[in-house]
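Good morning, everyone. Please turn to the sequence and the structure on the screen, and I shall take you through one part of them.

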Amino acid sequence: MRFLIEKEYDRPLKLDKIADELSLSSSQLVHLFKKETGTTPMAYLHQIRIKKAAYELANTQNSIQDIAALVGILDSNYFVKCFKKEYEMTPSAYRKRFSK
């Protein structure tokens, strides 16, 4: 499951579809995933997306909107809100501080 999320983080992933593919109920999948990782599949997906975005911000000059879309978050305002919650700074501030 982690491999799938890490590989396809940029695509729309639905918990129920993943559970069906693994012949599990959604609640079973969440329970097993949380037991293994300490977090839910959707929270893990969110973490992966934000980490990938941080990398892109520090290593490219792509626009914030393009980076948001690249990591699978289509609403750039929501992306900024999520990024700020995780890193306690806006994507622009992160880029200024950590770009190479």
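The cover over the buried residues of helix α6 includes α4, residues 41-59, α5, residues 64-70, and α7, residues 91-98. Please bear in mind that this is a predicted model.

Which residues of α6 are buried? They are Phe79, Cys82 and Phe83. Viewed down the axis of α6, these buried residues fall within an arc of 100°, so they line one face of the helix. The face of α6 turned away from that buried side carries the exposed residues Asn77, Lys81 and Lys85. For the student new to these words, a residue counts as buried under 20% relative accessible area and as exposed over 50%.

Let me now describe the helix itself. Helix α6 runs through residues 76-87, which makes twelve residues. From its first C-alpha to its last it reaches 16 Å, close to the 16 Å expected at 1.5 Å a residue.

Next, the two ends. At the start of α6, a side-chain oxygen of Asp75 comes to within 2.9 Å of the backbone nitrogen of Asn77. After the helix comes Glu88, and the phi of Glu88 is positive, near 60°.

I would also like to consider a single residue, Lys84, which is found in helix α6. Why does Lys84 count as partly exposed? Its relative accessibility is 46%, and the partly exposed class lies between the limits of 20% and 50%. With neighbours within four places in sequence set aside, Lys84 is in contact with Met89 and Thr90. As for Ile50, it stands 34 residues from Lys84 along the chain, and the C-alpha atoms of the two are separated by 9.8 Å.

Finally, let us place the helix in the whole protein. How many helices and strands does the secondary structure contain? There are seven helices and zero strands, and the pattern along the sequence reads α-α-α-α-α-α-α. The C-alpha trace spans about 45 × 20 × 20 Å along its principal axes. The protein has 100 residues, of which 34% count as buried. Among contacts with a separation of 6 or more, 54% are accounted for by residues 24 or more positions apart. The protein exposes about 6,700 Å², and carbon and sulfur atoms supply 49% of that area.

To close, I return to α6: Phe79, Cys82 and Phe83 are its buried residues, while Asn77, Lys81 and Lys85 are exposed on the face turned away from them. Thank you for your attention.

Conventions. Residues are numbered from 1 along each chain as its sequence is written. This is a predicted model: local features need pLDDT of at least 70, side-chain atom pairs count only at pLDDT 80 or more; totals for chains, interfaces and linings use all residues. Side-chain values use heavy atoms; hydrogens and water are left out. Helices (H or I, at least four residues) and strands (E, at least two) are DSSP runs, numbered from the N terminus. The expected span of a helix is 1.5 Å times one less than its number of residues. Buried means under 20% relative accessible area, exposed over 50%, partly exposed in between (1.4 Å probe, protein chains only). The arc is that of the directions from the helix axis to the C-beta atoms. Contact means heavy atoms within 4.5 Å. A polar contact is a pair of N or O atoms within 3.5 Å; within protein, one must be able to donate a hydrogen and the other to accept it, and residues adjacent in sequence count only if both atoms are side-chain atoms. Accessible areas come from the Shrake-Rupley method with a 1.4 Å probe; for residues, only the protein chains shown count as cover.
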